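Thank you all for coming; I would like to walk through one part of a structure that is probably new to most of you. Please have a look at it first, and then I will start with a helix and move on to a strand.

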Amino acid sequence: MTTLTAPRALASPRALSRAATTRRRATRRLGPGRSIPGGAALGLLALVAFWALGSATGFIDQRTLSAPWTVVTTAGELIESGRLQENLAVSAQRALLGLLLGIVLGTLLALVSGLTRVGEALIDGPVQVKRAIPSLALLPLLILWLGIGETMKVVTILLGVFVPVYIHTHNGLRTIDARYVELAETVGLSRWQFVRRVVLPGALPGFLLGLRFAVTGAWLSLVVVEQINGTAGIGYMMELARTYGQTEIIVVGLVLYGVLGFGSDALVRLVQRRALAWRRTLAD
Amino acid sequence: MATHARGLTRAPGIPAPPDASEHAPAHADGTPAPAGPAAPAHADGRTPERSAVPPPAHGALADERTTTTDGSVVVRHLDRAYGLAEGDGRVLRDLDLTIAPGEFVAILGRSGSGKSTLLRALAGLDHDVHGTGTVAVPERVSVVFQDSRLLPWARVLDNVTLGLRGPQARALGRERLAEVGLAGRERAWPTELSGGEQQRVSLARSLVREPQLLLADEPFGALDALTRLRMHGLLRDLCARHRPAVLLVTHDVDEAIVLAERVVVLDEGRIALDVPVALDDGPRDPADPRFAALRALLLGALGALGTLTPTHPVADPRSTR
């Protein structure tokens, strides 16, 4: 630190008064600035604070939206009776199964479509059409085909998940620099080695972005399929609460969906930071 | 790379000759067609019309590629054409070149003279070019590009051992990294290295394969002068130790003289000059009169003396670079 103070003592008074400016220069000038500790939670905390304040002052009617503390106590009761865990387990299983199958399907299709001309000709078109059709619109058909059981629910989630994974992985794969392909040829990589050492890591940024969409998409699809016809799950619990007019249980379900979606997205972002440690980007 | 990219977009603009067969039609200029079915004739001196371009409509490469066992390079009647290049589109014209095992050859030439095209032909990287000829290269060929071309998502050692198998690959990779002075940086990401260090990793990656032929396409072109001098010394030492045949493409006359045993000057796709560097082994002194004489000869062959200073004698040939 002594080395820092010496030039400052020598500097002109004008420069001294600009100490704040000099300090800010520690980060990139055109970057978004210094990272805020716990930054990801700040917006959420503000939202909860607004909610609590509104409920306490009566600005938000208890019949419209239960107060945060009511939601917390209701959640406590639901956990005590075991209803919440039970329904959450069912929901999580559906979402995870659909998510996993969707990721595998999306990645495989992206690889086949990105690495072979035949695959691209056969796969890309149908996927783009599927992309234009919302999963919701497919639901009547899926119910006719697969019934109202678990299969229909998992397939609906899968269909919502595989599209973003496919789109982003395919894009990441197709935009791998041709120079690396040339390099792979000169060092004599086999096709499999090329996929493993160049294609997959090169497409990883795209894949992880697709994964972020996919994870939140899985929870969204879950809401839809659980409220349409279910005998268990968070959506079912909320649907039941609606018929009895239990706003607080509905809000518990909503908060749960939010927490799950936000949590899983944060998880993917963590994975993203770890897996893409080699990148130098604006955010660094 | 620019010419190469042009080769890709060539097809729509160029009307194919009515009888566009797979091979170039032989010109009736009297010279007997050289051996092999795929040898287009010369267009000596004159520049023919664009419609006389040899390439077939689909741009197929009709090379005969063979492998030499003794580590030598033999190129015969090599023709390469990009549809949109100047004149008849040919970048290499009936080029013959032989490189002995372990020989260090530098290729000099102005931009567009075909030196990179020649290197890409030897490396087997020109899929999108028209051309014919016979190319015989050793089995193990390594390429050093102008950019270090390290995979940014692989650590330094993984970049060096890229595509190698077997338990000793990593040990060999470490050894080569130590040889280029990067011991201890095995776990670094390529973006954490300086440009010179990245190029040294790229050298290690080429040498870990024990190449019989090392193809280097202006490998030091993107480096600053001081780093380049150090890299010259490094490359000379490494080549002395591993003894690959080297084809170094460069536009730097001094670099060619300092490093090579033989300098070949390309001009418009032909060999304009092919001279041995009759200087002592080891560090070569630019102040040596033989060095200066060779430089003047090479610059003359490159046309630098004539075109840039038409009336005044050149005091320092380096200024014309």
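Ten of the 13 residues of helix α5 of chain B are buried, so this helix is largely enclosed by the rest of the structure. I should say at once that what you see is a predicted model. The helix covers residues 195-207, and from its first C-alpha to its last it reaches 19 Å, which is close to the 18 Å expected at 1.5 Å a residue. Its buried residues include B:Gln198, B:Arg200, B:Val201 and B:Leu207. What covers them? Among the elements that do so are β6, α3, α4, β7 and α6 of chain B.

Two of those names, β7 and α6, come back when we turn to strand β8, since β7(B), helix α6 of chain B, residues 225-242, and β8(B) make a right-handed β-α-β unit. Strand β7, residues 213-217, runs parallel to β8(B) and is joined to it by five bridges, with B:Asp217 standing opposite B:Val249. Strand β4 of chain B, residues 104-109, also pairs with β8(B) in the parallel sense, over five bridges, and here B:Leu108 stands opposite B:Thr250.

Is β8(B) itself mostly covered or mostly open? It is mostly covered, with six of its six residues, 245-250, buried. B:Ala245, B:Leu247 and B:Val249 point one way from the strand, while B:Val246, B:Leu248 and B:Thr250 point the other way, and all of them are buried.

Key:
Residues are numbered from 1 along each chain as its sequence is written. Chains are lettered from A and ligands numbered from 1 in the order in which they are written. This is a predicted model: local features need pLDDT of at least 70, side-chain atom pairs count only at pLDDT 80 or more; totals for chains, interfaces and linings use all residues. A residue is buried if 20 or more other C-beta atoms lie within 10 Å of its own, exposed if 12 or fewer, and partly exposed in between; C-beta atoms are placed from the backbone. Helices (H or I, at least four residues) and strands (E, at least two) are DSSP runs, numbered from the N terminus. Two strands pair if DSSP finds at least two bridges between them. A crossover is right-handed if, with the strands pointing away from the viewer, the path from the first strand over the helix to the second runs clockwise. The expected span of a helix is 1.5 Å times one less than its number of residues. Two residues are in contact if their C-beta atoms, placed from the backbone, lie within 7 Å.
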